[in-house]
Amino acid sequence: MIDLAGLKEQYNEISQEVRQAVHKVLTSGWYVLGEELERFEQEFSSYIGARYGVGVNSGSDALLLALKVLGIGPGDEVLTVSHTFISTVDSIIRNGARPVFVDIDPDTFCIDPAEIENRITEKTKAILPVHLYGHPADMTQIGAIARKHNLFIIEDACQAHGAECDERRVGAIGHVGCFSFYPVKNLGAYGDGGIVVTNDGTLAEKLIRSRNYGQPEKNVHTFIGINSRLDEIQAAALRVKLKFLDRWNMRRRQIAEQYDVHLSHTGIITPIEKKYARHVYHQYVIKCRQRDALQNFLFQREIDTQIHYPVPVHKQRAYQDLGFDTYLPVTERVCGEILSLPVHPWLSEQEVLKVANAVQAYRDTPA
Ligand SMILES: *Cc1c(COP(=O)(O)O)cnc(C)c1O
């Protein structure tokens with residue numbers, strides 16, 4: 001089976017370095033909030049181009065705490081998308097604020113800047129764009145709208161480590177940027193992890209306390225925080241992997257280019273990279289009619305695919321009592337057409353060809 005993540009192959013590539021780094025932590029006797037985390041926070045934030053990085057337990061906690069330290073809560077509205085992973089929206093609801101859904105651009109799958117202003121009210125406090133699949137949202141237009149209406153921007157960059165918008169890495173463009181290190185992300189830990197990056201020192205200070213029981217120093221708690229830290233073992237492993245991130249992203253781009261060429265005359269719509277964008281292909285998402293039949297056809301040929309995501313967030317059962325009846329035509333249409341093909345850096349040339357040929361063969365098969 002050709003799988004979607006290639007995590008075993010990834011480990012094979014770097015196992016010696018990872019084992020050394022983890023061993024060093026294990027023998028140090030210091031496992032939480034230590035030197036590895038501090039170094040990783042510096043290295044990652046400087047890679048992104050932000051002044052500060054605060055490691056947390058997951059991408060979900062990164063989003064939750066980012067909104068909290070910006071003071072977003074009951075009575076506030078946050079503009080975001082419904083075509084995303086659920087925790088983008090959970091972070092708003094868990095802070096007591098209300099998500100207001102904006103439709104997406106059918107080419108980028110990201111928030112449609114042209115639709116944002118229609119949804120702004122006097123309660124709107126922030127825009128939460130998602131750089132979905134590794135393609136950046138249009139931060140130039142989003143930034144202009146945010147400035148005009150005095151709104152915060154929280155970037156959900158959980159799928160976009162290293163992606164660029166007008167040659168700036170995403171995550172450092174808005175007020176805060178949130179990343180996940182869930183194992184299958186472009187930069188992943190051996191378990192859960194996340195980070196918030198920002199250029200604002202006051203926000204960084206608040207984040208450092210919020211992730212650690214609201215505690216500026218031992219036995220002093222100035223507000224109610226949570227326990228959400230990136231532990232030393234994960235930080236040490238992430239420091240090893242960060243050095244490979246650009247190379248791995250480059251390989252993803254190469255594979256995407258090969259797919260683009262092979263699938264160009266099949267009637268299937270391949271991903272688009274906007275002029276302003278550098279896509280890092282967390283997922284390679286095609287659009288086609290009879291998507292389910294294609295998925296089945298590929299599965300029979302031992303090619304794993306997935307649908308990210310089959311149900312728009314605002315239609316999930318968890319939210320059914322919250323009354324999200326927004327009509328989002330593009331969001332609702334694309335979830336019936338999208339399919340994520342394997343695009344991880346450890347695919348061999350033969351595997352890439354096998355996937356491309358199988359998709360072509362499907363198009364050539366009479367229905
Ligand atoms: C993965 C992901 C998250 C959540 O990250 P976790 O580390 O799994 O909590 C949030 N938003 C998006 C877009 C994601 O892909």
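How far is an oxygen atom of the ligand from an N or O atom in the side chain of S180? The distance is 2.6 Å. The legends below describe close-up views of this predicted model.

**View 1. Polar contacts of the ligand with S180, D156 and G59.** The S180 contact pairs an N or O atom of the side chain with a ligand oxygen, at 2.6 Å. At D156 the side chain is again the protein partner: one of its N or O atoms is 2.8 Å from a nitrogen atom of the ligand. G59 takes part through its backbone, where an N or O atom lies 2.8 Å from an oxygen atom of the ligand. The ligand taken alone exposes 380 Å², and the protein buries 93% of that area.

**View 2. The pocket and the shell of residues around the ligand.** The ligand occupies the space of the largest pocket. Two elements, α3 (59-69) and α4 (86-94), give two or more residues each to the shell. Of the elements, α3 gives the most, with 3 residues. In total, 15 residues surround the ligand. The closest are G59, S60, Q159, S180 and K185. Sorted by class, the shell holds 9 polar, 4 nonpolar and 2 charged residues.

**View 3. The open sheet formed by β7, β6 and β10.** The sheet has 3 strands in the order β7-β6-β10, with antiparallel pairing. Both β7 (168-169) and β10 (277-278) are edge strands with a single partner strand, so one side of each has no neighbour in the sheet. Strand β6 (residues 164-165) is joined to β10 by 2 bridges, and these two strands run antiparallel. Within this pairing, C165 has A277 of β10 as its bridge partner.

**View 4. D166 in the loop between β6 and β7.** What is the phi value of D166? Phi is near 45°, which is positive although D166 is not a glycine. Most residues other than glycine have a negative phi. D166 is placed in the loop that lies between β6 and β7, and these strands belong to the open sheet of View 3.

**View 5. The cis peptide bond from H308 to Y309.** The bond that leads from H308 to Y309 is cis, and its omega is near 10°. Most peptide bonds are trans. Where does Y309 lie? Y309 is found in the loop between α10 (291-300) and α11 (329-334).

Key. Residues are numbered from 1 along each chain as its sequence is written. This is a predicted model: local features need pLDDT of at least 70, side-chain atom pairs count only at pLDDT 80 or more; totals for chains, interfaces and linings use all residues. Side-chain values use heavy atoms; hydrogens and water are left out. Two strands pair if DSSP finds at least two bridges between them. Helices (H or I, at least four residues) and strands (E, at least two) are DSSP runs, numbered from the N terminus. A residue is near a molecule or strand if one of its heavy atoms lies within 4 Å of it. A polar contact is a pair of N or O atoms within 3.5 Å; within protein, one must be able to donate a hydrogen and the other to accept it, and residues adjacent in sequence count only if both atoms are side-chain atoms. Accessible areas come from the Shrake-Rupley method with a 1.4 Å probe; for residues, only the protein chains shown count as cover. On a 1 Å grid over the protein atoms alone, a cavity is a set of points where a 1.4 Å probe fits but cannot get out, and a pocket is an open set with protein on both sides within 12 Å along at least five of seven lines; lining residues have an atom within 4 Å of a point. A molecule sits in a cavity or pocket if more than half of its atoms lie within 2 Å of its grid points. Ala, Val, Leu, Ile, Met, Phe, Trp, Tyr, Cys and Pro count as nonpolar, Asp, Glu, Lys and Arg as charged, and the others, Gly among them, as polar.
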